[in-house]
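Me: Could you take a close look at one part of this model for me and walk me through what it touches? I'd like one long, connected answer rather than a list.

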Amino acid sequence: MTKFQTLTGTAIAAVLLATSAGAQDSAPESILPQPKTEESAAPAATQTVEEAFGDIQMASGEVVQEVPSLEGVWTVTQAQELLEFIPGMKAEGLNPSDYRADALTAAIAAGEGEELNKLASEIFVWLVEDLRDGRTPMESRRQWFVVDPDADRLPTWKLLEDALASGDIAATLTALHPKHPDYAALREELGTATDPARIQLIRANMDRWRWLPQDLGRQYLMTNVPEYMLRLTVRGRIIDTYRVVVGKPGRTATPQLAEMVEAVIYNPTWTVPQSIVVGEGLGNKVLNNPTWARNAGYTAKKGAGGWITVIQQPGPSNSLGLMKLDMPNEHAIFLHDTPSRHLFANEMRALSHGCIRVQGARELAMTMSMLGNAKTKADIPAIRDEVSEITMSGEYTRYPMEKQWPVYITYFTMATDVDGEMKAFKDIYDRDKPVLEALDAPRVSDRARETSEEAVEIVDDMQIS
């Protein structure tokens, strides 16, 4: 039996690192609901209703949940620390003028009381929202479909309560900065930049980091679309990088997502969307040209009302290549192999119909199968042999990942490249302008957390000619 392609040294390092005892403890938790264990599945039969609910008191009638207060009691000393924090927002790419320093100065001079409590609390809340969630309102984030969990993980009322209880206002706010080293690199770049256009670009991309979860996890995949690169990161170290092909500008532009990789699919089939079956005439072409269809791997069925279903079978000409990462989402976006591997040599690689084609996808598939399932180093050879056999079989196989992995599809037009150098990338989808305009416009309060843009189901990689 011919063995699967041998892993590179960096990929092996990723496997060994992530499957060590320490890495097992630090694996990212699945965001999906977890199944109940036998112990937690149900209360003991002898429990009463009151015992099952513990200290929760049941009462008839309407249930009213108390809304946490966003106004605290401030001392002059605490308000003064808040005032001194405001000028430092410039170093974070934000506008100190947004935070009403003059009004706060006057309130401090008037002394403690209701006016100081109200104003200082409001300013603190604005600072929290901008540092934790980003200042750019959702309507200026084009094709942004990531729901940032930080507002739930670090609720504003709790931050206010803790800051006033500890008295350390600045530390509470500073702790909200994104933890990824690229944010710190951009901050350092901002401190030395003199060109106005470059300063604006840095500010926009610093804010983009705030749109993401503050901590991305100890192991994840990240694609920066304008860079055309994918990174495999384990415990803070970039273990491997891959060239990618992303969506063409326009309707097929790749959206920004945060999803979970649930499985690796080897030898995938491709159910062709009706926009191609009907709109581009593939259905009739397959039915009327059986020799061509067989050579291209297509099968077709004609149903009631003339409905035609076309499926491309696994094989060397399959549009998805030999693997794809299963990451269910409403956009039908995923990372996959491709038979058109010559395109990875292009400098400009915005060429697909939305999905992300990965150079070295077979190596990535093997690596993810190992990282997602190996509990110890001893498990690695068996997984490698099993996956090699699956690959060579040519049969469609879904290989589940016991440890699911986050994958972030991002859009940074200035970032540290794969060689560690700060670099500006072409704004291939024209997404910078609305962000830059929003940062210079008056601050928007009560911002939405989720986009109102509709998901566009992507049709990827037609191989019909």
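What follows starts at strand S4 (residues 257-266) and works outwards from there.

Reply: Ground rules before we dig in: this is a predicted model, so local features need pLDDT of at least 70 and side-chain atom pairs count only at pLDDT 80 or more, while totals for chains, interfaces and linings use all residues. Residues are numbered from 1 along each chain as its sequence is written, and side-chain values use heavy atoms, with hydrogens and water left out.

Now S4 itself. Eight of its ten residues are buried, so the rest of the structure largely encloses this strand. (Buried means under 20% relative accessible area, exposed over 50%, and partly exposed in between, with a 1.4 Å probe and protein chains only; helices, H or I of at least four residues, and strands, E of at least two, are DSSP runs numbered from the N terminus.) S4 runs antiparallel to S12, with nine bridges joining them, and Tyr266 has Thr397 as its bridge partner in S12. S4 also pairs with strand S8 (residues 323-326), again in the antiparallel sense, over four bridges; there Ala263 stands opposite Asp326. For strands to pair, DSSP has to find at least two bridges between them.

Aromatic rings come next, and the structure holds seven aromatic pairs. (Rings of Phe, Tyr and Trp, the last by its six-membered ring, pair if their centres lie within 6.5 Å; planes under 30 degrees apart count as stacked, over 60 as edge-to-face, the rest as tilted.) One of them is the stacked pair Trp209 and Phe412, 4.4 Å centre to centre with 25° between the planes. Trp209 sits in helix H11 (residues 196-211) and Phe412 in the loop between S12 and strand S13 (414-416), so this pair links parts of the chain 203 residues apart. Both rings are tucked away: Trp209 is buried at 2% relative accessibility, and Phe412 is buried at 3%. Back on our strand, Tyr266 and Tyr399 make an edge-to-face pair, 6.3 Å centre to centre and 85° between the planes. That contact reaches from S4 to S12, with the two tyrosines 133 residues apart. Tyr266 is buried with a relative accessible area of 1%, and Tyr399 is buried at 9%.

S12 has a salt bridge too: Glu402 meets Lys375 at 2.9 Å, N to O. Glu402 lies in S12 (residues 397-410), while Lys375 lies in the loop between helix H15 (361-371) and helix H16 (380-393), 27 residues apart. Here Glu402 is exposed, at 54%, and Lys375 is partly exposed, at 46%. By salt bridge I mean a side-chain nitrogen of Lys or Arg within 4 Å of a carboxyl oxygen of Asp or Glu.

S8 brings a charge into play: the charged end of Lys324 sits over the ring of Phe334, 4.2 Å from its centre. Arg431 likewise lies over the face of Tyr411, at 4.9 Å from the ring centre. (The cut-offs are NZ of Lys or CZ of Arg within 6 Å of the ring centre and within 35 degrees of the ring normal.)

For context, the whole structure has 19 salt bridges. Among them, Asp98 and Arg135 come to 2.7 Å between the closest N and O atoms, with Asp98 buried at 13% and Arg135 buried at 2%. Arg231 bridges to Glu227 at 2.8 Å, and both residues are buried. Finally, Glu129, Asp130, Arg443 and Arg447 are linked in a salt-bridge network.
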